[in-house]
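Please look through the model below. The text that follows starts from one residue and works outward.

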Amino acid sequence: MRPYIREKKSFTFDEVPENTCFEAGYLTTVNSGWRSIRPAVNSEKCVGCEQCYLYCPDGVIAINDGKAVIDYDFCKGCGICAKICRIGAIEMEAERK
Amino acid sequence: MANKVAESISREEFFYGHKACAGCGGSLAVRAALKVLGPNAVSVLPAGCMSAVGFNFPQLCFSNNSIISTFAGTASMLTGVEAGLRARGYKDFTAVGFAGDGGTADIGIQALSGAIDRNDNIIYICYDNEAYMNTGIQKSGLTPFGAKTTTTPAGKNIHGNIRPKKNMFEIAAAHDIPYAATASVGYIYDFIQKVQKASQIQGTKYIHVIAPCPTGWGVAPDETVEIAKEVVDCGLWYLAEYENGGFKLNHKPKEFTSVESYLKKQGRFRHLTDEDIQVITASRDKKWEFISKNFVI
Ligand SMILES: Cc1ncc(C[n+]2csc(CCOP(=O)(O)OP(=O)(O)O)c2C)c(N)n1
Ligand code: SF4
Ligand code: SF4
Ligand code: SF4
Ligand SMILES: [Mg+2]
């Protein structure tokens, strides 16, 4: 399981925890807006070797039914996965808005 | 296609949604280590990029228990976390620290030395991006010779940092620590195995992992892994372990790749002259002479 986006609520000053102690893995914002390019997986080519999964700094690649699947909410478009894939199953494309 | 290493670590993500720059090597090291150690890892992070990008209330990107320590106090807080949990009867947990090069080789070295001296049962991981990155690229004790930082600028007379990189791996080993290792995020399988091994050993464990910072090194975000591999392949870094009083080399490049090509790819080294590169190559050769004499190969 991955941490997931929670309902965005605004915290009033009094609600900010005094002892800076709060729930682990609490996410309220995505990182997708950082991308200018995005990885696209060619599922025909992908052999599920998991290289890209192991090297993604953001941990946004999962292997589903033997194929790489990307969580675009948190992918930053760094391009590491495309370079690490030996068989060229990932290509970086211009980000579509 | 089964990947044995991927099968051997958690499928869960424990460092997710963080605000590190795209392609950050430090975040890859933290992510991979936590997938080895699992949900019962309790992590301690001093001031530095990994705490800055991981704890932005209310976006809290560690899904295991994690805490920010003082800049100098990673190891002493690890000592306290380990002792406190043990006193309360917890058995199945790992106290792990992730500190930068500045936080380790400069400001945190005393606390680290103390923890190793007491042989506290902790894992200390130094993610080495070779400068104080979070405050905008200042030289640390682990910045290599010749690197340009904001405090070691490259000018006509002085070409960046004039001091060599401190040897933290051997400094940790000199305490006769139960386990110390060097690693690189470019060789993630080796790093994962070392974290796995460290988690099975009683006492203090120190792992020093090279973790390129595209922002501070002047490389493209997609080059992090390659450059982290190349630093090992050209012999300026090495993969080794210290255990039972002896050093062991884990990976011997058949032939070194070009030091010049490693350096010239990076903005922080682009000013270096041929003589500077010779100095760096000579220091590499001297290091490998030492390795071939003193390490089991
Ligand atoms: C006692 C103290 N001095 C200085 C700082 C400011 N500071 C925060 S992060 C940082 C840089 C940390 O560098 P490093 O340990 O290499 O980690 P990196 O940011 O490179 O990941 C500095 C100097 C601080 N937080 N506390
Ligand atoms: S590295 Fe390439 S082939 Fe391997 S899982 Fe990723 S996309 Fe598929
Ligand atoms: S582009 Fe970077 S962040 Fe996105 S999936 Fe690939 S490696 Fe991960
Ligand atoms: S400045 Fe460097 S170390 Fe810090 S988050 Fe960005 S890439 Fe990572
Ligand atoms: Mg640093």
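Where in chain B does B:Glu130 lie? This is a predicted model, and in it B:Glu130 belongs to the loop that runs between strand 6 (123-128) and helix 7 (168-173) of chain B. Its relative accessibility is 6%, so B:Glu130 counts as buried, the cut-off for that term being under 20%. The side chain of B:Glu130 makes a polar contact with the side chain of B:Arg268, at 2.9 Å. Beyond its neighbours within four places in sequence, B:Glu130 is in contact with several residues, including B:Asp101, B:Lys165, B:Ile210 and B:Trp217. B:Ser140, B:Leu142, B:Thr143 and B:Pro144 are also among them.

One of these contacts, B:Ile210, leads to strand 8 of chain B, which spans residues 205-210. Six of the six residues in strand 8 of chain B are buried. In a regular strand, side chains alternate between the two faces of the sheet. For strand 8 of chain B, one side carries B:Lys205, B:Ile207 and B:Val209, and the other carries B:Tyr206, B:His208 and B:Ile210; all are buried, and both faces are covered.

Next come the strands that pair with strand 8 of chain B. Strand 6 of chain B pairs with strand 8 of chain B in the parallel sense over six bridges, and B:Ile125 has B:Ile207 as its bridge partner there. Strand 7 (residues 179-184) of chain B also pairs with strand 8 of chain B in the parallel sense, over six bridges. Here B:Ala183 stands opposite B:Val209. Between strand 7 and strand 8 of chain B the chain passes through helix 8 (residues 188-199) of chain B, and this β-α-β crossover is right-handed.

Strand 6 of chain B also pairs with strand 5 (residues 94-100) of chain B, in the parallel sense over five bridges. B:Ala99 stands opposite B:Cys126 in strand 6 of chain B.

How many strands does the open sheet of chain B have, and in what order? There are nine, in the order 4-1-5-6-8-7-9-10-11, with mixed pairing. Strand 4 (65-68) and strand 11 (295-296) of chain B stand at the edges; each has a single partner strand, so one side of each lacks a neighbour in the sheet.

Chain A offers a separate site. The residues around ligand 3 include A:Cys56, A:Cys75, A:Cys78 and A:Cys81. A:Pro39, A:Asp58 and A:Lys76 are also among them. By class, the shell around ligand 3 divides into eight nonpolar, two polar and two charged residues.

Methods
Residues numbered from 1 in each chain as written. Chains lettered and ligands numbered in written order. Predicted model: local features only at pLDDT ≥ 70, side-chain atom pairs only at ≥ 80, totals over all residues. Heavy atoms only, no water. Helix = DSSP H or I, 4+ residues; strand = E, 2+ residues; numbered from the N terminus. Buried < 20%, exposed > 50% of the residue type's maximum accessible area, 1.4 Å probe, protein only. Polar contact = N/O pair within 3.5 Å; in protein donor to acceptor, adjacent residues only side chain to side chain. Contact = heavy atoms within 4.5 Å. Pairing = 2+ DSSP bridges. Right-handed = clockwise from strand over helix to strand, strands pointing away. Near = heavy atom within 4 Å. Nonpolar A, V, L, I, M, F, W, Y, C, P; charged D, E, K, R; others polar.
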